[in-house]
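Visitor: I should like a close look at one part of this structure, described residue by residue. Please then place that part within its wider setting.

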Amino acid sequence: MIVLKAVLASKDRDYISAWLDFVQGSSSGSSIRFTAFSQWEPFRDYMNEQGGREQPDLVIAEPEFLNHWMGNGGETSGIPWLMLSEGLDEVDEDKRLMKYQPLPALMDAVLNACRQPRRKKAHRPGQETLSIGVVSASGGSGKTAVALHMAKQLGLAGYAVLYLNLETLDSSMPFLEKGLSRNGQRIPDAETGLSRLLYDLKVGRKESGKQGQVQSSSKGVDGYVLRHEALKSDVFWPLSNRKELLQMSREDTKSLIRYLADCGQYDVLILDGDSGWDGRSEGIFDAADAFVWLVEDDISSMYRWGQWMQHMERTRPDLHESVLDRARFVVNKYRESVINALPRPDLHLDAVLPYIPSWKQLSQEEVMLSSPIFQREVKRLCAMMIQDGEEELKQTGRIQKNDVWSL
């Protein structure tokens with residue numbers, strides 16, 4: 001789901017409250033987020049700070065606010081606007097929004113006037129395997145926790161899911177180990193499954209002479225993977241030899257993902273990658289159909305996010321544009337509000353996942369996969385990725401801080 005951002009400015013605090021109450025209770029409330037002001041100075045300061053964050057999709061303001069803003073650079077900002085009018089103001093008809101009219105009509109006018117951002121590719125279930133990369137520019141952002149929860153929720157929803165961890169140091173083992181054995185017995189073949197598949201893919205490419213095609217594709221993946229009942233997904237036993245991962249090239253990674261997608265056994269692949277820039281990361285960026293890009297609400301995480309995108313734009317501009325099309329940017333460990341500015345104007349946030357304090361004291365591995373609050377929000381995120389938002393994220397509650405309201 002794409003959430004539009006609008007700014008509302010009116011001296012009438014009761015008018016603002018009535019507007020926000022309506023939005024919060026309406027069906028359109030999940031598609032647009034308002035920040036409201038009743039005084040000029042906070043409104044001016046907020047609009048002057050837009051260089052460091054994503055710009056609003058619309059400004060709706062009474063003449064006193066709008067004229068001051070337009071005279072101070074707003075006219076050249078490129079941000080669409082509407083004047084809240086009582087019918088006496090000299091303004092073009094298409095820029096006039098009559099202040100006192102039914103709230104549903106006001107909301108329709110606002111949605112029509114908003115700048116519509118680029119929409120993401122939608123996956124239609126049942127057509128093909130969808131590969132989702134869970135990525136981040138920062139280590140410790142919770143990629144593995146989110147990836148495991150996504151695999152579990154999609155498995156519970158009836159999808160055939162494969163979870164693939166390509167981290168140099170696999171952090172999933174503590175959470176998966178109990179489900180990676182049968183009746184307490186070791187399974188030597190399964191423990192070498194990913195290693196054998198990588199070898200078979202390389203041999204197949206050499207024999208075929210064509211990148212990414214494997215002669216043994218009819219073999220599928222049954223001999224390489226394990227079923228993990230707690231995760232409701234298939235998994236690979238984590239590689240014990242780090243060199244095999246360190247030596248994986250971009251083409252090796254793309255070949256692996258293509259093989260898993262083409263084998264026809266899965267609806268969804270969940271790809272858990274590193275936060276570094278290496279062959280595996282580039283392979284995931286090239287091959288995945290969609291991304292959950294995690295960021296934390298702190299200065300260093302925001303900075304690294306911006307630096308990663310800048311490097312991608314400079315070195316591979318075609319990939320940069322493609323990633324923007326395929327990515328959902330998600331704040332993990334969210335605590336009531338996002339306080340740090342986004343690093344670039346072309347970046348945005350699509351969703352948030354809550355901070356779970358109890359995870360700091362984990363003593364039982366399976367507890368991490370059983371948080372009801374986190375499961376609920378990940379389920380909504382999965383719906384956004386798989387069904388293009390049939391179940392949409394919806395922020396609830398209204399925050400008032402000094403003179404600033406937001407939904």
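Guide: The account below begins with one pair of helices and then turns to other local features.

The model is a predicted one. The secondary structure of the protein comes to 14 helices and 15 strands. Of the 407 residues in the protein, 51% are buried. Among contacts with a separation of 6 or more, 72% join residues 24 or more positions apart.

The part chosen for the close look is the pairing of helix 12 with helix 13. Two packed helices are described by the angle between their axes and the distance between the axes. Helix 12 spans residues 299-315 and helix 13 spans residues 317-326; their axes come within 5 Å and cross at roughly 130°. Angles over 145 degrees would count as roughly antiparallel, and 65 to 115 as roughly perpendicular; helix 12 and helix 13 are therefore oblique to each other. On the side of helix 12, the contact is made by Met309, Met312, Glu313, Arg314 and Thr315. Helix 13 contributes Pro317, Leu319, His320, Val323 and Leu324. By class, the residues of this contact divide into 6 nonpolar, 2 polar and 2 charged.

Strand 12, residues 327-334, holds Lys333. The phi of Lys333 is positive, at about 60°, although Lys333 is not a glycine. Most residues other than glycine have a negative phi. With a relative accessible area of 31%, Lys333 is partly exposed.

A second lysine invites a parallel description. Lys232 lies in the loop between strand 8 (226-228) and strand 9 (233-235). Its phi is near 60°, again a positive value in a residue other than glycine. Lys232 counts as partly exposed because its relative accessibility is 29%, and the partly exposed class lies between 20% and 50%.

Helix 10 offers a single helix to examine from start to end. This helix covers residues 250-262, 13 residues in total, and reaches 18 Å from its first C-alpha to its last, close to the 18 Å expected at 1.5 Å a residue. At its start, a side-chain oxygen of Ser249 reaches to within 3.4 Å of the backbone nitrogen of Glu251. Within helix 10, the buried residues are Asp252, Thr253, Lys254, Ser255, Leu256, Ile257, Tyr259 and Leu260. Just after the helix, Gly264 takes a positive phi of about 80°.

The last region is strand 4 and the loop that follows. Ser85 lies in strand 4, which runs over residues 81-85. Ser85 counts as buried because its relative accessibility is 1%. Leaving aside residues up to four places away in sequence, Ser85 touches Arg96, Leu97, Met98 and Lys99. Val91 is placed in the loop between strand 4 and strand 5 (96-98). Val91 is also buried, at 15% relative accessibility, since the cut-off for that class is under 20%. With the same exclusion of residues up to four places away, Val91 touches Trp81, Met83 and Arg96. Arg96 is thus a partner of Ser85 and of Val91. Val91 and Pro63 are 28 residues apart in sequence, and their C-alpha atoms are 9.8 Å apart in space.

Key. Residues numbered from 1 in each chain as written. Predicted model: local features only at pLDDT ≥ 70, side-chain atom pairs only at ≥ 80, totals over all residues. Heavy atoms only, no water. Axes fitted to C-alpha atoms, helices over the stretch in contact; angles between N-to-C directions. Helix = DSSP H or I, 4+ residues; strand = E, 2+ residues; numbered from the N terminus. Parallel < 35°, antiparallel > 145°, perpendicular 65-115°, else oblique. Contact = heavy atoms within 4.5 Å. Nonpolar A, V, L, I, M, F, W, Y, C, P; charged D, E, K, R; others polar. Expected span 1.5 Å × (residues − 1). Buried < 20%, exposed > 50% of the residue type's maximum accessible area, 1.4 Å probe, protein only. Polar contact = N/O pair within 3.5 Å; in protein donor to acceptor, adjacent residues only side chain to side chain.
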